[in-house]
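Subject: Structure handover

Hello,

Here is the structure you were going to take over. My notes on what I found follow below it.

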Amino acid sequence: MSCVALRCLAVAFSACSLTSCGPTIKSYALTQSYNEIDFKPFAGPGPSSLSGQGFLKTVGGDVKTCAGNKVYLVPSTAYNDEVIEHSHRNESVSNRDPQSSQFTRQVICDATGTFSFAQVPALRWYVVTTVTWGVPNKYGVDKQGGDLVQQVNLMRGANQVILTDANLY
């Protein structure tokens, strides 16, 4: 195949991914307004801890973990509930207030896909991480897996969560 033909093919694939050939991501404008008063209880230390593990099983039975990926602990407020709901629908939130992110905590999954948060307020949170891997095909690599999201209601003391197939977004 000539260089010109390869460039045309590359342009066609690029155009396809930007138009109706690829997945459509709709834009969504939040109806909830960011209100710092709703987020304040999530600031600072608290009486809870959360430990957990994030993993998925492949069709062949292999286990893939969140090793090396970030795990987020996101306050469950009306504002963030709406963000999570529309992200789950593969919609891009167009008017997200960056101030809401200051109350999100993050850690990194270790090599076995485990993580822990210490001194967290005993409130309702979302635990979010990503488990992905590649599967070769004749054109390159297909991305498998995705985001895992679980809402948790932390109690005083130690809490645990397992993020797996049932939490796949």
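The buried residues of α3 are Tyr79, Asn80, Glu82, Val83, Ile84 and His86. Please keep in mind that this is a predicted model. The cover over these buried residues of α3 includes β1 (26-28), α2 (36-39), β4, β5 (91-93), β8 and β9.

Of that group I looked further at asparagine 80, which sits in helix α3, residues 78-88. Its relative accessibility is 1%, and because the cut-off for buried is under 20%, asparagine 80 counts as buried. Setting aside residues up to four places away in sequence, asparagine 80 touches Phe39, Val74, Pro75, Arg96, Ser100 and Tyr126.

Helix α3 also matters for the pocket list. The largest pocket holds about 500 Å³ of space. Its lining is made of 15 residues, and those nearest the pocket centre are Ile84, Ser87, Val128, Asp147 and Val149. Two or more lining residues come from each of β4, α3 and β9. The biggest contribution to the lining is that of α3, with five residues. Sorted by class, the lining of the largest pocket has seven nonpolar, six polar and two charged residues.

Next, the nonpolar cores. The largest one has 19 residues, and Leu50, Phe115 and Val127 have the most contacts inside it. At least two residues of this core come from each of β2 (48-57), β4 (70-75), β7 (114-120), β8 (124-137), β9 (140-153) and β10 (157-163). With four residues, β8 gives the most to this core. Another core, of eight residues, lies apart from the largest one; Tyr28, Leu30, Tyr79 and Phe103 are among its members.

For phenylalanine 115, the contacts beyond its neighbours within four places in sequence are Leu50, Ser51, Gly52, Gln53, Gly54, Val71, Val107, Cys109, Val127, Val161 and Leu163. Two of the residues in that list, Leu50 and Val127, are named with Phe115 as having the most contacts inside the largest core.

Some backbone points to check when you open the file. Asparagine 90 comes just after α3 and lies in the loop between α3 and β5. It has a positive phi of about 60°, although it is not a glycine. Asparagine 90 has a relative accessible area of 40%, so it is partly exposed.

Glutamine 119 is another residue, not a glycine, with a positive phi, in this case near 50°. Glutamine 119 is found in strand β7. Its relative accessible area is 54%, and it is therefore exposed.

Glutamine 119 also turns up among the contacts of glycine 46: leaving aside neighbours within four places in sequence, glycine 46 is in contact with Gln119, Val120 and Pro121. Glycine 46 is placed in the loop between α2 and β2. At 22% relative accessibility, glycine 46 counts as partly exposed; the cut-off for buried is under 20%. Which distance separates glycine 46 and glycine 157 in space, C-alpha to C-alpha? The two are 9.5 Å apart, with their positions 111 residues apart in sequence counted as separation.

Regards

How values were computed: Residues numbered from 1 in each chain as written. Predicted model: local features only at pLDDT ≥ 70, side-chain atom pairs only at ≥ 80, totals over all residues. Heavy atoms only, no water. Buried < 20%, exposed > 50% of the residue type's maximum accessible area, 1.4 Å probe, protein only. Contact = heavy atoms within 4.5 Å. Core = buried A, V, L, I, M, F, W, Y, C linked by side-chain atoms within 4.5 Å. 1 Å grid on protein atoms, 1.4 Å probe; cavity = no way out; pocket = protein on both sides within 12 Å on 5 of 7 lines; lining within 4 Å. Points joined across faces, edges and corners; volume = space filled by probe spheres on them. Nonpolar A, V, L, I, M, F, W, Y, C, P; charged D, E, K, R; others polar.
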